[in-house]
Amino acid sequence: MRWTVSLGTAFDETALETAFAGFRRLYNVAPERVLCAPDVLSRLAAVTARSPDDAMRRDLSYDGIPVLSAILAPGTIVFEGEVDEERMGDW
């Protein structure tokens, strides 16, 4: 499953947490990975109190979930994960 959110470029940690919680609430499962536009990845690194250089590392994660750079529209973040269609409505 793939879910796209437009965070913009000036999001804070609350907006980031809300986006992550939205995927969990919608699909009843945590995302397996997160793809970010380069500007979102840099902002995510700054918001989570990491070095800006961390945004260019391949092992960046948020809440234990891998976060990767991708070719996306500016301000965009995409959550990906496997969803069990039988469990989607069981919450």
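**Helix 1 and its surroundings**

Mentor: Start with helix 1: its buried residues pack against strand 1, strand 2, helix 2, strand 3, strand 4 and strand 5. Contact here means heavy atoms within 4.5 Å. The model is predicted, so local features need pLDDT of at least 70 and side-chain atom pairs count only at pLDDT 80 or more, while totals for chains, interfaces and linings use all residues. Residues are numbered from 1 along each chain as its sequence is written, and side-chain values use heavy atoms, with hydrogens and water left out.

Trainee: What makes a stretch count as a helix or a strand?

Mentor: Both are DSSP runs, numbered from the N terminus: H or I over at least four residues for a helix, E over at least two for a strand. Helix 1 covers residues 13-27, so it qualifies as a helix. Just after helix 1, Asn 28 takes a positive phi of about 60°.

Trainee: How do you know that the length of helix 1 agrees with what a helix should span?

Mentor: The expected span is 1.5 Å times one less than the number of residues. For the 15 residues of helix 1 that gives 21 Å, and the end C-alpha atoms sit 22 Å apart, which agrees.

Trainee: Which residues of helix 1 are called buried?

Mentor: Leu 16, Ala 19, Phe 20, Gly 22, Phe 23 and Tyr 27. Buried means under 20% relative accessible area, exposed over 50%, and partly exposed in between (1.4 Å probe, protein chains only). Viewed down the axis, these buried residues fall within an arc of 145°, taken from the directions from the axis to the C-beta atoms, so they line one face. Thr 14 and Arg 25, both exposed, are on the face turned away from the buried side.

Trainee: Why are strand 1 and strand 5 called a pair?

Mentor: Pairing requires at least two bridges found by DSSP. Strand 1 and strand 5 (residues 76-80) have 5 bridges, in the antiparallel sense, so they pass. Ser 6 stands opposite Thr 76 in strand 5. The open sheet has 5 strands in the order 1-5-2-4-3, with mixed pairing. Its edge strands, strand 1 (2-6) and strand 3 (61-62), each pair on one side only.

Trainee: What makes something a nonpolar core?

Mentor: It is a set of buried Ala, Val, Leu, Ile, Met, Phe, Trp, Tyr and Cys residues joined through side-chain atoms within 4.5 Å. The largest one here has 22 residues, and Leu 7, Leu 16, Val 34, Ile 77 and Phe 79 have the most contacts inside it. Helix 1 gives the largest share, 5 residues.

Definitions and conventions: Axes fitted to C-alpha atoms, helices over the stretch in contact; angles between N-to-C directions.
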